[in-house]
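Please work through the exercises below with the sequence and the model side by side. Each task is followed by a solution that goes step by step.

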Amino acid sequence: MSAQSSAPLRLAVIVGSVREGRFAPVVSEWFAGEARAYGTYEVDVIDLAEPANTLPLVLPASEDSVTEEVGRIWSSLAKRLDAADAFVVITPEYNHSFPASLKNTLDWFHAEWQAKPVGFVSYGGMAGGQRAVEQLRQVFPELHAVTVRDTLSFAMAGNRFDAEGRPVDEESTNAAAKGMLAQLEWWGLALREARTKSPYGKAD
């Protein structure tokens, strides 16, 4: 077994909501804990509500047009996304779709997403954020990323977690998280090995 194949997978957990009073921290803190406990992953939580992760809505015409402050944010995020072997996107559903803050972050980068697996944890009202995930499944293939089949979805999310931020139905919810993490692990290992053998988009 090579050192690369035995190294922990680097998982970037992207928190997509930036609204005041958001429920996202409850979901993201629980999931990040489950990912760390799984034992395979080094977890990096990228919360788009933090100023250090917030990029402007206007994409630059060129790198020369990027201000120094935006350049620092861009460079830092690029390094974190590029270092990841897999992603999990945590998203609510806004108007049958996902937050503009998340779409903006996706659009600022390209190669950083390529040939890597993506999982989803969604939350919301009756639909549990599933319509946001349906649209994200159309976006990520354009970025040359692979979405795993299983997702976690929390309908009426405020009722699905207790005061300590643990799922009310902890046993089945944690089992579902492990199932998705197992799919990400398989794809993450396979695609990391493939990228190591041959950079994505280039023939051997």
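**Exercise 1: the loop before helix 4**

His 96 is found in the loop between strand 3 and helix 4, where helices (H or I, at least four residues) and strands (E, at least two) are DSSP runs numbered from the N terminus. This is a predicted model, in which local features need pLDDT of at least 70 and side-chain atom pairs count only at pLDDT 80 or more, while totals for chains, interfaces and linings use all residues. Residues are numbered from 1 along each chain as its sequence is written, and side-chain values use heavy atoms, with hydrogens and water left out.

Task: describe the backbone and the exposure of His 96 and of Asn 95.

Solution. Begin with the backbone: His 96 has a positive phi of about 65° although it is not a glycine. Asn 95, in the loop between strand 3 and helix 4, also has a positive phi, near 50°, and is a residue other than glycine. Then turn to exposure, for which buried means under 20% relative accessible area, exposed over 50% and partly exposed in between (1.4 Å probe, protein chains only). His 96 is partly exposed, because its relative accessible area is 46%, whereas Asn 95, at 76%, counts as exposed.

**Exercise 2: two helices and their cover**

Task: find which residues of helix 4 are buried and which elements they pack against, then do the same for helix 5.

Solution. In helix 4 (residues 100-108), the buried residues are Ser 101, Leu 102, Asn 104, Thr 105, Leu 106 and Trp 108. They pack against strand 1 (9-15), helix 3, strand 3 (86-91) and helix 5 (130-142), contact meaning heavy atoms within 4.5 Å. In helix 5, Ala 132, Val 133, Leu 136, Val 139 and Phe 140 are buried, and their cover includes strand 3, helix 4, strand 4 (117-124) and strand 5 (146-147). After helix 5 comes His 144, with a positive phi near 65°.

**Exercise 3: aromatic pairs**

Task: how are the rings of Trp 186 and Trp 187 arranged, and how are those of Phe 154 and Phe 161 arranged?

Solution. Start from the rule: rings of Phe, Tyr and Trp (its six-membered ring) pair if their centres lie within 6.5 Å, and planes under 30 degrees apart count as stacked, over 60 as edge-to-face and the rest as tilted. By this rule there are 12 aromatic pairs. Phe 154 and Phe 161 have ring centres 4.9 Å apart and planes at 55°, so this pair is tilted. Trp 186 and Trp 187 form an edge-to-face pair, with 5.1 Å from centre to centre and 80° between the planes. Next, compare the surroundings: Phe 154 and Phe 161 are both buried, while Trp 186 is exposed at 56% relative accessible area and Trp 187 is partly exposed at 33%. Finally, look for a wider group: Phe 23, Trp 30, Phe 31, Tyr 123, Phe 154 and Phe 161 form one aromatic cluster.

**Exercise 4: a charge over a ring**

Task: locate the charged end of Arg 19 with respect to the ring of Tyr 94.

Solution. A charge sits over a ring if NZ of Lys or CZ of Arg is within 6 Å of the ring centre and within 35 degrees of the ring normal. The charged end of Arg 19 sits over the ring of Tyr 94, at 3.7 Å from its centre.
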